[in-house]
Amino acid sequence: MPRSSPPAPGRLLSLVLAAAGGGALFLAFPDADVWGLVLVAVALLYVALQRRGTWWNGLVGLVFGLAFFPAHLWWSNVAAGVVAWLALSISEALFMAFLGIAWSLARGLRPGHRGGWWEAIAFPVVYVGVEALRSAWPWGGFPWGRLAFAQVDSPLGRLAPVGGTVLVSFAAAVVGTLLGIVVLRAVRLRVVGVVVGMAVAFVLVVAPLSVGLDVLPQAGQLQVGVVQGNVSKPGASAFDNAGEVLRNHLSGTYDLLDHVKPGDLDMVIWPENGSDYDPQKYVDVGQAIGDAAKAVDAPILVGAQEYPATGGRYNVSLLWDPQQGVIDRYVKQHPVPFGEYIPLRGFVRHFSASVEEVQTDMLPGHEPAIMSLPSERLGRDVPFSTVICFEVAYDSIVEQSVRLGSEVLVVQTNNASFGYTAESTQQLQMTRFRAMETGRAAVQASTVGVSAVVSPSGVVLQRTGLFEPAQLTADLPLRTSITPAVRAGEWPARGVAAFAALLVVGGMIGSLRRARSRRRLPGER
């Protein structure tokens, strides 16, 4: 072993460290929400991957993923059952196994410098590259559990408007890797290395505090009401009582008049599936929504589903004017695979009969997540983002809407199926991140909670509890400036993925060259 390389942990210790790292990462997210444990998790994973052996490190990565994702995604068991929960958790954990393999290969670039300072950049690049991959593939990816989302209360979170999820995840991974290198040097009593590593890590954590997060209005304020109607039965059967959710949101809209006068609000926001009947198809439903809109004298943003004659269904947001009915419409672009539609249905049904619970596949929309709200008070139309549920996790959907002129973010979500789990608070964490990333105020409107009003700096100004009827009113600052993260779009993710691929390929080439060199006879050199 080269002198510069620290002693690798034993096999059992490697697995224990990986499992501890996955557990630490779970506790970094809601509801425990200890952001500093992200750094600990990365450090533990980095140290656990010190052994040589590509397939062994794949196992170490898998253990890390299995210690994190099943706990982090427990809500999917509540909503869709054990098979769906295990399938989702294991598939995401396999990406962490791929991370272990990829890192082993990339390390072939400098095999004699294991534990060296260069790895404080190389390991985060590979980690974030894999994170970008699983956030985009397969079936559009699944970004849940990105390091960046756990940093909204950390100084590192202030990098969100600069470089979005990629930069924040990368910064967290760099600090975590530095802590891992410090541990390895402490084992060898390298005092100078320990001091330097800790100092650099400290500077990287506190430096983002210098990034300003502007919260002041740039184009006036939007006065909104939010209705959380609630349901009587939490969990998978939440919508069994036909019409209940519609009645609850109608009632909550009238209850807003206990807080405001008719005409005070520019818009009333209902959540995703705030109406369990299509108000465009059922005349009495449309009439009831129109009457409620007239009572508050404001358009209502209604979440509903449409069933076109050609088959399938759409998850839609409808902007319902008191006089004209629907004046704008958005269709969810990214339905959830295995939740709202079933890919490979014929194959998957051999493993679980629960696929038949999704009898009608949801179809994707193809228009940007943006609407235009006529405001007589402001004397203009106000463009706003209309992100539906899990779409808040996807960089491109939110960023595109802001580039197209959105001045405020609205996230409509239905969390009723997830019961009393952390799914809703995890989603709120993402909404907060998007507010910081885009420099926009945000509203999360949920059927059952958590609903919230978020400042452009990511601070929660108001929030509701779970499974309670509630109403919120807020004046939202309208902002028009575009952050560097929004301007950059998907290029940071593509760049880090490409860089990670180059590291892996370069490491493979380096390892092959050394292997060929070792096989040469002395006379052939």
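Me: In this predicted model, which residue of β3 does Ile269 stand opposite?
Reply: Strand β2, residues 267–269, pairs with β3 in the parallel sense over two bridges. Ile269 belongs to that pairing, and the residue of β3 opposite Ile269 is Leu301.

Me: Through which helix does the chain cross from β2 to β3, and what is the handedness of this crossover?
Reply: The two strands run parallel, and the chain passes between them by way of a helix in a β-α-β arrangement. That helix is α10, residues 283–296, and the crossover is right-handed.

Me: Which residue of β4 is the bridge partner of Glu306?
Reply: Strand β3 also pairs with β4, residues 314–321, in the antiparallel sense over seven bridges. Within β4, the bridge partner of Glu306 is Tyr314.

Me: Are the residues of β3 buried or exposed, and how many of them are so?
Reply: In a regular strand the side chains alternate between the two faces of the sheet. On one side of β3 lie Ile300, Val302, Ala304 and Glu306, and on the other lie Leu301, Gly303 and Gln305; both faces are covered. The strand spans residues 300–306, and the number of its residues that are buried is seven of seven.

Me: What is the order of strands in the open sheet of six strands?
Reply: The pairing in this sheet is mixed. Its edge strands, each pairing on one side only, are β5, residues 325–331, and β12. The order is β5-β4-β3-β2-β1-β12.

Me: What angle does the direction of helix α9 make with that of β1?
Reply: From one strand of the sheet to the next, the twist averages 30°. Helix α9, residues 244–255, packs on the sheet and touches β1, β2, β3 and β12. Its direction makes an angle with that of β1 of about 135°.

Me: Is Leu478 buried or exposed, and what is its relative accessible area?
Reply: Leu478 lies in the loop between β12, residues 470–477, and α14, residues 484–488. Its contacts include Pro217, Gly220, Leu378, Arg380 and Val408. A residue counts as buried under 20% relative accessible area. Leu478 is therefore buried, for its relative accessible area is 0%.

Me: How many Å apart in space are Leu478 and Pro217, C-alpha to C-alpha?
Reply: In sequence, Leu478 and Pro217 are 261 residues apart. Pro217 is nevertheless among the residues that Leu478 touches. From C-alpha to C-alpha, the two are apart in space by 5.2 Å.

Me: Why does the span of helix α13 agree with what is expected, and how many Å apart are its end C-alpha atoms?
Reply: Helix α13 covers residues 423–438, which is 16 residues. At 1.5 Å a residue, the helix should span 22 Å. The agreement follows because its end C-alpha atoms are apart by 23 Å.

Me: How many residues of α13 are buried?
Reply: Just after α13, Gly439 takes a positive phi of about 70°. The helix itself is largely enclosed by the rest of the structure, because the number of its residues that are buried is 16 of 16.

Me: Which residue of β9 does Gln412 stand opposite?
Reply: Strand β8, residues 409–413, pairs with β9 in the parallel sense over five bridges. Opposite Gln412 in β9 stands Ala445. The chain crosses from β8 to β9 through α13, in a right-handed β-α-β crossover. The residue asked for is thus Ala445.

Me: Which residue in the turn of the hairpin formed by β9 and β10 has a positive phi?
Reply: Three bridges join β9 to β10, residues 452–454, and the two strands run antiparallel. In this pairing, the bridge partner of Ala442 is Val454. Five residues lie between the strands of the hairpin, and the one in the turn with a positive phi, of about 105°, is Gly449.

Me: Which helix gives the largest share of the largest nonpolar core?
Reply: In soluble globular proteins, nonpolar side chains tend to be buried together. The largest nonpolar core here has 114 residues, and Tyr127 is one of those that touch the most other members. Among the contacts of Tyr127 are Leu25, Phe64 and Met96. The largest share of this core is eleven residues, and they come from helix α7.

Note on methods. Residues are numbered from 1 along each chain as its sequence is written. This is a predicted model: local features need pLDDT of at least 70, side-chain atom pairs count only at pLDDT 80 or more; totals for chains, interfaces and linings use all residues. Side-chain values use heavy atoms; hydrogens and water are left out. Helices (H or I, at least four residues) and strands (E, at least two) are DSSP runs, numbered from the N terminus. Buried means under 20% relative accessible area, exposed over 50%, partly exposed in between (1.4 Å probe, protein chains only). Contact means heavy atoms within 4.5 Å. Two strands pair if DSSP finds at least two bridges between them. A crossover is right-handed if, with the strands pointing away from the viewer, the path from the first strand over the helix to the second runs clockwise. Axes are lines fitted to C-alpha atoms, for helices over the stretch in contact, and angles run from 0 to 180 degrees between N-to-C directions. The expected span of a helix is 1.5 Å times one less than its number of residues. A nonpolar core is a set of buried Ala, Val, Leu, Ile, Met, Phe, Trp, Tyr and Cys residues joined through side-chain atoms within 4.5 Å. Lists of a residue's contacts leave out its neighbours within four places in sequence.
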